[in-house]
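Dear colleague,

Please find the structure below, with its sequence. I would be glad if you looked through it slowly before reading my notes, which follow directly after it.

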Amino acid sequence: MTEKTIRVFSGVQPTGNIHIGNYLGALKQFVALQEEGKCIYCIVDLHAVTLPKDPAELRENILDVAALYLAIGIDPKDATIFVQSDVPGHAELSWLLTCCSYTGELSRMTQFKDKSRGGDSAPTGLFTYPLLMAADILLYDSDVVPVGQDQKQHIELTRDLAVRINNRFGDDTFVVPEGRFLKEGARVMALDDPAAKMSKSAESEMSRISLLDDESKIKKAIMRATTDSDGEIRYDAENKPGVSNLLSIYSAFSGRSTALLEKDYAGQGYGALKKDLAEVVVLALRPIRRQYDDIRGSQELALVLKDGAERANGIAEGVVQRVKDKFGLGTKRL
Ligand code: AQP
C-alpha cells in the first residue's frame, strides 16, 4: 500500500436535517478521499452555536452527525472523527487569525451578507465564522478541504490568511490548503425553489431530502419538485434551473453524466424522470439509513469520538504551539 501523504480536513455542523446537498457536495468526498489521504473529519459544534441552539437538541445532533459519518463509510480506524469543542486549539487559533484579518474582507463574505441581511444586529459570531473555519483547517496543516461550492469564498479567505501570516513569520507557519469541489453535486439547489441552495434551515421539508427521510417522503419531495412548462429534459442551469437540478442530482447519485441522461430521457416527460430519480435516491440512501440505525444507539460512537479527540488534540497542540512561538506568545519557550 502506498503511503498517504496528503492531509484532508473537513467538517459538518450539527444543525440537524443533514441533506443530499451536504452528502453530494461534501460527505461523499469524505469517503472517497480516505483512499488518498490521512483524513480528519470534525463535527463543528462551535459553528453551530453562531445562532442560538437548544442544548439538549445540539447534543443529539452531534451524535447524529457522528453516526452518519460512520454510516456513509468513514472508517474510524483510519480517519480521525471528533467534535470541534473537544479540541481547544480551534478557538485559540481562531483568535490569532482574528488579529490578522480585516473587517473589510469579512464584510465581503456572501454567506454573512445573506444571513445577516445587512442589519446591524447580526450576531458577531456570524461575522467571524469564516475565521473559525480557517482555524479549523489550518490547525491540522491540511492540504485538501472537500466542501460544497458555497464554501469556496471561505476557503479563499483561509488561503489569504495563511499566505499573509506566512509572509510575516515564514513559510513554515501554515500549510496553504486547497478546496476540493466535485463536478456534480457541488451545489444542490432546493427542490421547491431552484434559485436557492438546498439547506438544513429552510422552512419547507419539501425543499430538501434529508439523509434519514423515509422513502415516501423522498418520493413526495422529488415528485413535487419545481420544474418548468416547456416539458424538455435538458441541462441548462440558467434557463431550466429546476430540471437541471434534478439531472445534476441524478448524475451525482448514478454516475451517469447529465449529457447521457438527456439522451436516456429524450422525448419523455418530467414525470418519468422524477419517478426514476426518486428510485435512484431511495436505493442510494437505504443502506446509509440501515447502517445509521445500527450505529446511532451503540456504545461505539462515544469511543470513536473520544479516541478522535485525543488524536486531533495530539496534532492541534503542536500546531498551536508552533504558531504561538511565531507570534512570541506564552512562556513555554522561556
Ligand atoms: N446545497 C448544497 N449543495 C452542495 N453542498 C452543500 N453543502 C451545504 N449545502 C450544500 C456543503 O455541506 C457541507 C456541510 O455544510 P455545513 O454543515 O457547514 O452547513 P451549511 O453549509 O451551512 O449547510 P446548510 O445546509 O446550508 O445549512 P444552513 O441552512 O444552516 O445554512 C459543506 O461543505 C457545505 O459546502
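Helices (H or I, at least four residues) and strands (E, at least two) are DSSP runs, numbered from the N terminus. Please keep in mind that this is a predicted model, in which local features need pLDDT of at least 70 and side-chain atom pairs count only at pLDDT 80 or more, while totals for chains, interfaces and linings use all residues. Residues are numbered from 1 along each chain as its sequence is written, and side-chain values use heavy atoms, with hydrogens and water left out.

The ligand is surrounded by 22 residues (each with a heavy atom within 4 Å of it), and the closest are Asp150, Lys197, Ser199, Lys200 and Ser201. Helix 1 contributes the most to this shell, namely 4 residues. By type, the shell divides into 6 nonpolar residues (Ala, Val, Leu, Ile, Met, Phe, Trp, Tyr, Cys and Pro count as such), 5 charged ones (from Asp, Glu, Lys and Arg) and 11 polar ones (the others, Gly among them).

An oxygen atom of the ligand lies 2.5 Å from a side-chain N or O atom of Lys200, and a nitrogen atom of the ligand is 2.8 Å from a polar backbone atom of Val188. A backbone N or O atom of Gly148 is 2.9 Å from an oxygen atom of the ligand.

Turning to the rings, Lys152 sits over the face of Phe181, at 5.5 Å from the ring centre; such a charge needs NZ of Lys or CZ of Arg within 6 Å of the ring centre and within 35 degrees of the ring normal.

With kind regards

Key:
A polar contact is a pair of N or O atoms within 3.5 Å; within protein, one must be able to donate a hydrogen and the other to accept it, and residues adjacent in sequence count only if both atoms are side-chain atoms.
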